[in-house]
Amino acid sequence: MVAADSEGPSDPGVRMFRRQRSIPLRGSAAALSNNLSVLQLPVCNLTHFGVVHGPSAQLLSVAPEGVPLAQRQLHAKEGAGVSSPLITQVHWCALPFRVLLVLTSHRGIQMYESDGSVMVYWHALDSRDASPVQAMFARGIASCGHFICVGMWSGRVLVFDIPAKGPNIVLSEELAGHPTSVTDIASEPAQEQDCMADVVTADDSGLLCVWRSGPEFKLLTRIPGFGVPCTSVQLWKGIAAVGYGNGQVRLYETSTGALHVQINAHARAICALDLAPEVGKLLSAAEDTFVHIWKLSKRTESGCTEVEHCHGECVPDTQVCGARFCDPSGSSFAVTGYDLAEILTFSSE
Amino acid sequence: MSVRALPLLFLNLGGEMLYILDQRLRAQNIPGDKARRVLHDIILTMFNKSFIEELLKPQELYSKKALRTIYDRLAHASIMKLNQASMDKLYDLMTMALKYQVLLCPRPKDVLLVTFNHLDTIKGLIQDNPALLHLVDETLRQLIEVYGGLSAGEFQLIRQTLLTFFQDLHIRVSLFLKDKVQNSNGRFVLPVSGPVPWGIEVPGLIRMFDNKGEEVRRVEFPHGGNYVTAPKEGSFEVYGDRVLKLGTNMYSVNRPVETHTSGTSKNLSSQAQQSIAPNPLAKEELNFLAKLMGGMEIKKTSGPEPGFRLNLFTTDEEEEQAALTRPEELSHEVVNIQATQDQQRNQELARIMGEFEVMDQPRWSASKGDDLLAMMDEL
């Protein structure tokens, strides 16, 4: 059901989205934020999808037209503890020479080769850090250059140095900057001279930390929250696009921390944001059953950022928990929902 | 995931149980004094001070089996007995009602208001008993103490934890189907109209600012829903208008409630795996049950008060039929406690079982520990 299309004249070609064939899942999607990862492989005309079910996550590889080819289930590594550990997130990290699949859980961090066939690294959460009043978990995954950053329940961000191949992954740094649990991390390739920031981390209090990556990460800016958790974050041309628990999407200039855009986008908590960076498209999905697509543009003269609404889609009776673009031009996207055992896909082509 | 979800799960499920039992007791024309006795005994057990204390300690959410065992116990805390089929139906109704309430909570923090609604309504059932009222008020105060200071992020985690517990349950409840809050495929309707949650703005506005923070432009966009602003916030005090209706008694209108257990979602493979696989968590769950039920004082039935059987169905034949046709994957197995060599655990269980009033004739033998475990097995 199409919610609404805006009248914007700028991109008439990408306005009408149609429901495509759904991709069945072995297990339903869990009620988490950012619960869909997509790896586009245009060279072999395949798309990989990753969805967390609970104690397991499912990886699917899909041919064009949504034809599922192969699937694999990964489980959280057991450790000390009462019940089966739950996975918090699964995410593909594209690095300069390889792609790794990272899985975070209540026990630790697992890294696999991109098809999930071989685990190349395991990092257990330190039980000495455990607090009796808070659950331990890792959550928030992003790659930046040859680093992979992973957030923790404590607010710390672990930075792993990834070699071009092989399992010699090393914990390079632990970043302190967040007083509460990390929710999401975003990064973008280092831009022109003035855009030094290339990593943004977010937490449950809504605080954002802007970093410059390197052998030692440098904290550049802190953008305070306003009492609402930040659930998802993206980075585009030095602009942090942030989704909050109150349904708002905000865009901040990372070098100054200035608020450029505030959108009352959704009626419930936002669960996912995604970017099609080449075309400046932003996707927001929330627990209110809606997915919205926005066009971002940066006015170099004024330094302002503009946002235009392109498309809204309602996924009836579905508490959306993940959403991603499926191609670089942002003309197709996929959605997961709590309790839904399929990936819904939409395309405007 | 969250270590604060268990009390909310337990108290809300318990509240739903009381609503359903209250309705069935009236529907089955159980004499008023007996019905009152049953409800009072269950409430007394549920809100026992040391039990609540144990419950409120930060801990992980345990398995469905462990929870089900507690409710079996709770339902039999008085002179009332339920057959397996009725207990299954009771538990189905309790879980689907709470799943609906958690899913439809406007804000994650509103799960607390749902809990307060349950407790407020429970207080309505025991107006004539000041001691019981005090117990429930005490629990309210402790909840406010524990949850009052939690952040929005922590409530979001609690909500996600509760939703994980209810994942893949799609039992159709005729009351929900009639009220059109549940679809025929078992999924709940998520409305896109009405008031937005407290603290959220009605969607539809884009505001753009310059580097000095001055608003330079505002544009409206079609957001697709039909929302209005929230009228007011519910009260999180011991007494107050909760505003939210979720968690209030939907059975107060005397309508028969049926569940459809056939034709539920085919994606029960994960559920089935959970109940068929041997329970490797028996030790930890046993520990949990021991601790929790250790604080659960079961009132001893004094005098010649005869017990009675409550039927959740309209006839005995219906109840028998339901027992025969219940799909395998929905069998709510109770924790199968394997005999353990652990001396300490045996002693702990012995202490607990000593406090329980067992309705059936107990089989005593020389080895008390083994027999107590065997009795628990019979649950």
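**Sheets, a cross-chain strand pair and helices in chains A and B**

Leu101(A) has Tyr112(A), in strand 10 of chain A, as its bridge partner. This pair, like everything described below, is taken from a predicted model. The two strands concerned, strand 9 (residues 99-105) and strand 10 (residues 108-113) of chain A, pair in the antiparallel sense over five bridges. Both belong to an open sheet of four strands in chain A, which follow the order 8-9-10-11 with antiparallel pairing. At its edges stand strand 8 (87-94) and strand 11 (119-124) of chain A, each of which pairs on one side only. When direction is ignored, neighbouring strands of this sheet are turned against each other by 15 degrees on average. In a regular strand, side chains alternate between the two faces of the sheet.

Another open sheet of chain A is made of four strands in the order 16-17-18-19, again with antiparallel pairing. Strand 16 (182-187) and strand 19 (218-223) of chain A take the edge positions, and because each has a single partner strand, one side of each is left without a neighbour in the sheet. The average turn between neighbouring strands here is 20 degrees, direction ignored. Within this sheet, strand 18 (residues 208-212) and strand 19 of chain A are joined in the antiparallel sense over five bridges, and Cys209(A) has Arg222(A), in strand 19 of chain A, as its bridge partner.

Strand 23 (residues 258-264) of chain A pairs both within its own chain and with chain B. Within chain A, strand 22 (residues 248-253) and strand 23 pair in the antiparallel sense over six bridges, with Val249(A) standing opposite Ile263(A) of strand 23. Strands 22 and 23 of chain A form a hairpin in which four residues lie between them, and Gly257(A), in the turn, has a positive phi of about 80 degrees. Across the chains, strand 23 of chain A pairs with strand 4 (residues 205-209) of chain B, in the antiparallel sense and over four bridges; here Val261(A) stands opposite Met208(B). Strand 23 of chain A is mostly covered, six of its seven residues being buried.

An unreviewed UniProt entry carries the annotation "repeat: WD" for residues 263-297 of chain A. In the model, the chain over residues 263-297 is 0% helix and 66% strand, and the C-alpha atoms at the ends of this segment are 15 Å apart.

Towards the start of chain A, Arg21(A) is placed in the loop between strand 2 (18-19) and strand 3 (23-24). With a relative accessibility of 49%, Arg21(A) counts as partly exposed. When residues up to four places away in sequence are left out, Arg21(A) touches Glu65(A), Gly66(A), Val67(A), Pro68(A) and Thr345(A). Although Arg21(A) and Ser332(A) are 311 residues apart along the chain, their C-alpha atoms are separated by 12 Å.

Chain A has an average pLDDT of 91, and 93% of its residues score at least 70. Over residues 7-14 of chain A, however, the pLDDT is below 50, and beyond near neighbours in sequence this stretch has ten contacts in the model. Where pLDDT is low, the predicted coordinates should not be read in detail.

Chain B comprises 14 helices and eight strands. Of its 379 residues, 56% count as buried, and among contacts in chain B with a separation of 6 or more, 80% are between residues 24 or more positions apart. Helix 5 (residues 84-104) of chain B has 21 residues, which at 1.5 Å a residue should span 30 Å, and the end C-alpha atoms are indeed 30 Å apart. Since 20 of these 21 residues are buried, helix 5 of chain B is largely enclosed by the rest of the structure.

Helix 8 (residues 152-165) of chain B, with 14 residues, reaches 20 Å from its first C-alpha to its last, close to the 20 Å expected at 1.5 Å a residue. Eleven of the 14 residues of helix 8 of chain B are buried, so this helix too is largely enclosed by the rest of the structure. The buried residues of helix 8 include Gly153(B), Phe155(B), Leu157(B), Ile158(B), Leu162(B), Leu163(B) and Phe165(B), and Gln156(B), Arg159(B), Gln160(B) and Thr161(B) are likewise buried.

Key
Residues numbered from 1 in each chain as written. Chains lettered and ligands numbered in written order. Heavy atoms only, no water. Pairing = 2+ DSSP bridges. Axes fitted to C-alpha atoms, helices over the stretch in contact; angles between N-to-C directions. Expected span 1.5 Å × (residues − 1). Buried < 20%, exposed > 50% of the residue type's maximum accessible area, 1.4 Å probe, protein only. UniProt positions renumbered as here; feature names shortened; annotations may be inferred. pLDDT = per-residue confidence, 0-100. Contact = heavy atoms within 4.5 Å.
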